[in-house]
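Dear colleague,

I am passing on a structure that you have not worked with before, and below it you will find an account of what turned up in it. Please read the text with the structure open beside you.

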Amino acid sequence: MYENLRGKTISFEGGEGAGKGTLIRNLLEELKKSDLDILQTREPGGVKISEQIREVIVNKENTSMCYETEALLYAAARAQLMNEVIFPAIKDQKTIILDRFVDSSYVYQGIARGLGVEKVIEINQFATKEFLPDKTIILDIEPELGLSRIFSNKRETNRLDMESIEFHKKIREGYHLLKEMFPDRIVLIDASKTPEEVLEDVLQVLREI
């Protein structure tokens, strides 16, 4: 049923508490029904060096981190992941599921931090050798609902979770802007639905690739 996904790269995005982790777990269970060779990664992280960079990024003590440093750290972690894992997987025609990719940087640093989308795009084109996923699925959710999920589920919070509600609203607005900028690549999915409904909406998108 999902043979059309062979050799494809799909990234998943969304604000805090949108349910990416739950969706990706459910999606991988569904895709196990096929004989696809699947690679799943997360950002920032995925390989040893990138995980070490992740610890610096999410550390709640690093509140003095300037926005430029933040953007460059994300790009550095991404570059290492690309070279160690993603580029070889593309060569091997694996189906790649990305838990966040360049669009997170475009939104979080380019828009919400005010560094400018074009500047952040330029940084990440260098880091990824201008690679982009075949499809990007953004889980769209009201920031208040997303954050309430985090705290009600007692999920460990990180430095980004502690940002103001205004910051999280900019994130959502930024993702909507990216949809306008990249309409052929990006799809918005209503993440306020049940996990089962969100999974089905995502599967419908993937069936149409």
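Arg185 lies over the face of Phe182, at a distance of 4.9 Å from the ring centre. A second arrangement of this kind involves Arg78, whose charged end sits over the ring of Phe101, 5.6 Å from the centre of that ring. Please keep in mind, here and in what follows, that this is a predicted model. Among the aromatic rings themselves, the count comes to 3 pairs.

Arg78 also appears among the neighbours of Asn124, a residue placed in helix H5, which covers residues 117–128. When residues up to four places away in sequence are not counted, Asn124 touches Ala75, Arg78, Val102, Ser105 and Tyr106. Asn124 counts as buried because its relative accessibility is 1%, and the cut-off for buried is under 20%.

The next topic is the enclosed space inside the model. How many cavities of 30 Å³ or more are there? The count comes to 1, and the volume of the largest cavity is about 100 Å³. Its lining consists of Gly15, Glu16, Ile138, Leu139, Asp140, Ile141, Pro143, Leu147, His168, Ile171, Arg172 and Tyr175. Strand E4, helix H6 (143–152) and helix H7 (165–181) each supply at least two residues of this lining, and the largest share, 4 residues, comes from H7. Sorted by class, the lining has 7 nonpolar, 2 polar and 3 charged residues.

Two of the lining residues, Asp140 and Gly15, can be followed further. Asp140 has its place in strand E4, which covers residues 135–140. Is Asp140 buried or exposed? Asp140 is buried, because its relative accessible area of 14% falls under the 20% cut-off. Leaving aside neighbours within four places in sequence, Asp140 is in contact with Arg172, His176, Leu188, Ile189, Asp190, Ala191 and Ser192; Arg172, named in this set of contacts, is also named in the lining of the largest cavity.

Gly15, for its part, lies in the loop between strand E1 (9–14) and helix H1 (20–31). With a relative accessibility of 18%, Gly15 counts as buried, because the limit for that class is under 20%. Its contacts, again leaving aside neighbours within four places in sequence, are Arg100, Tyr108, Leu139, Ile171 and Tyr175. Gly15 and Asp92 are 77 residues apart in sequence, and their C-alpha atoms are 31 Å apart in space.

Ile171, which is in contact with Gly15, is also touched by Ala112, together with Val107, Phe167 and Lys170, when residues up to four places away in sequence are not counted. Ala112 is found in helix H4, which covers residues 102–112, and at 9% relative accessibility Ala112 counts as buried. Between the C-alpha atoms of Ala112 and Asp35, which are 77 residues apart along the chain, the separation is 40 Å.

A different relation between sequence and space is seen at Lys60, which lies in the loop between H2 and helix H3 (67–91). The C-alpha atoms of Lys60 and Met162 are separated by 8.5 Å, with their positions 102 residues apart along the chain. At 48% relative accessibility, Lys60 counts as partly exposed.

Some points of backbone geometry remain. Most residues other than glycine have a negative phi, and most peptide bonds are trans. Against that background, which residues deserve a look in the backbone?

- The peptide bond from Glu43 to Pro44 is cis, with omega near -15 degrees, and Pro44 lies in the loop between strand E2 (38–42) and helix H2 (48–58).
- Arg100 is not a glycine and yet has a positive phi of about 80 degrees; Arg100 lies in the loop between strand E3 (95–99) and H4, and at 12% relative accessibility counts as buried.
- Lys129, also a residue other than glycine, has a positive phi near 55 degrees; Lys129 is placed in the loop between H5 and E4, and counts as exposed because its relative accessibility is 54%, where exposed means over 50%.

With kind regards

Conventions
Residues numbered from 1 in each chain as written. Predicted model: local features only at pLDDT ≥ 70, side-chain atom pairs only at ≥ 80, totals over all residues. Heavy atoms only, no water. Phe/Tyr/Trp six-rings, centres within 6.5 Å; stacked < 30°, edge-to-face > 60°. Lys NZ or Arg CZ within 6 Å of the ring centre and 35° of its normal. Buried < 20%, exposed > 50% of the residue type's maximum accessible area, 1.4 Å probe, protein only. Contact = heavy atoms within 4.5 Å. 1 Å grid on protein atoms, 1.4 Å probe; cavity = no way out; pocket = protein on both sides within 12 Å on 5 of 7 lines; lining within 4 Å. Points joined across faces, edges and corners; volume = space filled by probe spheres on them. Nonpolar A, V, L, I, M, F, W, Y, C, P; charged D, E, K, R; others polar.
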